[in-house]
Structures are given as C-alpha cells and as structure tokens.
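Hi there,

Here is the structure I promised to pass on. Have a look at it first, and then read on for my notes on its charged side chains.

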Amino acid sequence: MKIASIEVYGYELTYAHGEYVMSKGRAAQSQASTLVRIRTDDGIEGWGESSTLGGTYLPAFAEGTREAIRVMAPSLIGLDPTNLTLVHGAMDAVLLGQNSSKSAVDIACWDILGKVANMPISKLIGGIAQTSFPLYEAVPLASPDQMAEFVRARGKVGINRFQVKVGNDPYEDAERTRSVVAACPPDAVIVADSNGGWNLQAAIIAVRELAGLNIYVEQPCRDTMDCAIVQKMSSLPLVMDESVVNSAELYRAKYEAGAGSVNIKLARVGGITGAVRMRNQAQDLGMTMCIEDVWGGDVTTAAVSHVAASTRADALLHASFFNDWTKERVARDAPRSDRGHGSAPDAPGLGINVDHKALGRALFEVTK
C-alpha cells in the first residue's frame, strides 16, 4: 500500500457558547481548522485534523500548519501510511517541529491503519480500557457571575468537570474561581487554568488567594521552572500543559515542578503516535492526565476518543470532546457526549465517515 495523494481542506469552527476567552485578551468566536485526507493506491482513505486555537496559544497558526503540510507532502507520496515510523521519519527529515501539521497527517495514517486491520484505533494503541470516560468543559474568562452561570447551565446537561479560565489579575481570578466553586456540587472537578498567563509574582499571589479550595491549578506560568517555584508555595495540586512538549519536559513537570497531572494535546505532541507515547510514560510515572487536543471538530474528537478509551481509568482525569464545544459538523456519526461522558467509536479506524463534499474544494492536493 502506498500514499497516492494528500488533500488539505480548511473550515471555520464556531464556538457554541459565543466567545471563547482566555487570559491576556486571547478571545475568538471561531477558529480555523485544517483537515487532511490521505488516499492510497488501494482506494482506502484516512482523515486527520489539526486546529491551532489562533496564533498566540502555541507557536503554531492555521496558515503555517497548512503550508508545512504542503512542504512535507511530496516526501510522503509513495510511502506506506501504515508504517508510522517511516512516515514520521520522512516528515522529520523535511521539517523540525511543526507538530500541529504532523498531527493531522499522523491521525489520517492511523485511520488508514485501523481500516486495513479492520479494528478501531483504540484497540491498536493498547486496547479498550474504558467504554465510557469523563469529559470536561472550559469556562471562558468573564465576570464571576457570568462564569458561575455558565457552569450551572452546563451542569444541567451532565457536565461536572470544568476548566476555569484565569490568568489575568490574580485577585479577580480568585474571585472568579470561588464563584464557580460555589455554583458547582461538592463532587465537581474544577481546574483553574491560567494558560501560562500569570507572571511569577501574579501566580504566587493567585495560589495564596486560592488556598483551601478543592481545585487544581493548571500551567500558572508559561515556563516550567516558574511553575516549579509557584508550586513550592502552594498546597494545590498542579496540572502542567503548554510547556510539556516532549518526554524530557514530562519528566521535569513531575520531578522539578511537582505536577501530578499533565494535559496531553495531540497537536502539541505530533498526533496519536506522540500522545500514546506520552500517555504511556505518564502512566508509568504514576501521573494522571487529560487527553485532548488544542481545538478541533468531529475528526479531532474521534481521535481524542480513541486515546482516552485506551487509557487506564485510574490514570485518566478526563478528556474533551470539541465537537460539543463547536457548531460545525463534518461527520454526523462522530462521537458526542452523553451526560458528561464520552466513548470511542467501535468501527475500524477513527470509526467515522467524513463528508468531504460538504467541505467544498480542497485548498490544495499533492499527488505523484
């Protein structure tokens, strides 16, 4: 089997709850997402997706993601898409980094591999450890009353795990978080997520103000070592996210920063392949984790669902289904949440059928 063509599509994903707001003024009502279709000479096709959440969340942006795929694609034509080691080696030989772009290609290749093996991806990456797993939703940064109202509304549909966006003024952020805690039942899982928005001094103040709450604090500062300094002054459990991009940073997150949990985003680590590698390492280190992606729609959600379903229940803090957060559909059979829980499709590959005709013309196609 060989890769015969690679097509790239672009579409906008509209946030389902108005405006998605993070720290430092990062806000948007929609995000550009990139879909990749890989077709083989045997007529099998695989789909992948990557969305960057704008250009100021991570060092990646939609146009760069698409151009990197264009640059790498000629080196992939003629390769066996089920040989993921060969595919990643070819991509790495052309471009360093660019994990957002490589993630979409990687997911599409896993989709093909699952179809060839006639098995869902979850069975190929460790087996189905849980048929149902908890999901969280992010609470956009707003006033304390607005954030409390958001969690009350989402709680009515079964969501009981929330990532509270903070990272601005630490005193106001503490008020926001206390408001959310008060609006949630006692068994809710609440994470105050700065997205690296606090500087060191603000983060120190924030964890002092948040002390005593039954919450996690996520990525208080952008740099891992700054997070380590903050954690030494805090009694709250720490979750690391944006700065954990490889195995070395995962080790530092636990042994230097004192984190007990890590967020694993597919596009940050190069796709399902990188996510499974980091997932297994985190499990061995005794850490819990959130399995998710930077942003995305139906294809991203399906990919996340397979990694989450094959993660040990005791190690999975929760996952995210972005097609619950966004309005556009490209695969009507993609997994959706059910009362705050998700599951992975049991059909081969990603287990979904993408309607490429609904996407319009491809942005570009690379063939032999």
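To start with a question: is Arg-176 buried or exposed? Arg-176 is buried, with a relative accessible area of 9%. Please keep in mind that this is a predicted model.

The partner of Arg-176 is Glu-172, and their side chains form a salt bridge with an N to O distance of 3.9 Å. Both residues belong to helix 6 (residues 170-183), where they sit four residues apart, about one turn of the helix. Glu-172 counts as partly exposed, at 42% relative accessibility.

Another pair you may like is Lys-165 and Asp-193, a salt bridge whose closest N and O atoms are 2.8 Å apart. This one links distant parts of the chain: Lys-165 is in strand 8 (residues 161-165) and Asp-193 in strand 9 (residues 189-193), 28 residues apart. Lys-165 counts as buried at 2% relative accessibility, and Asp-193 is buried too, with a relative accessible area of 1%.

Then there is Arg-37, which forms a salt bridge with Glu-45; their closest N and O atoms are 2.9 Å apart. Arg-37 counts as buried at 5% relative accessibility, whereas Glu-45, at 24%, counts as partly exposed. Both take part in a network of salt bridges that also links Glu-7, Arg-39 and Glu-365.

How many salt bridges are there altogether? The count comes to 20, so there is plenty left for you to browse, given that a salt bridge here means a side-chain nitrogen of Lys or Arg within 4 Å of a carboxyl oxygen of Asp or Glu.

Best wishes

Note on methods: Residues numbered from 1 in each chain as written. Predicted model: local features only at pLDDT ≥ 70, side-chain atom pairs only at ≥ 80, totals over all residues. Heavy atoms only, no water. Buried < 20%, exposed > 50% of the residue type's maximum accessible area, 1.4 Å probe, protein only. Helix = DSSP H or I, 4+ residues; strand = E, 2+ residues; numbered from the N terminus.
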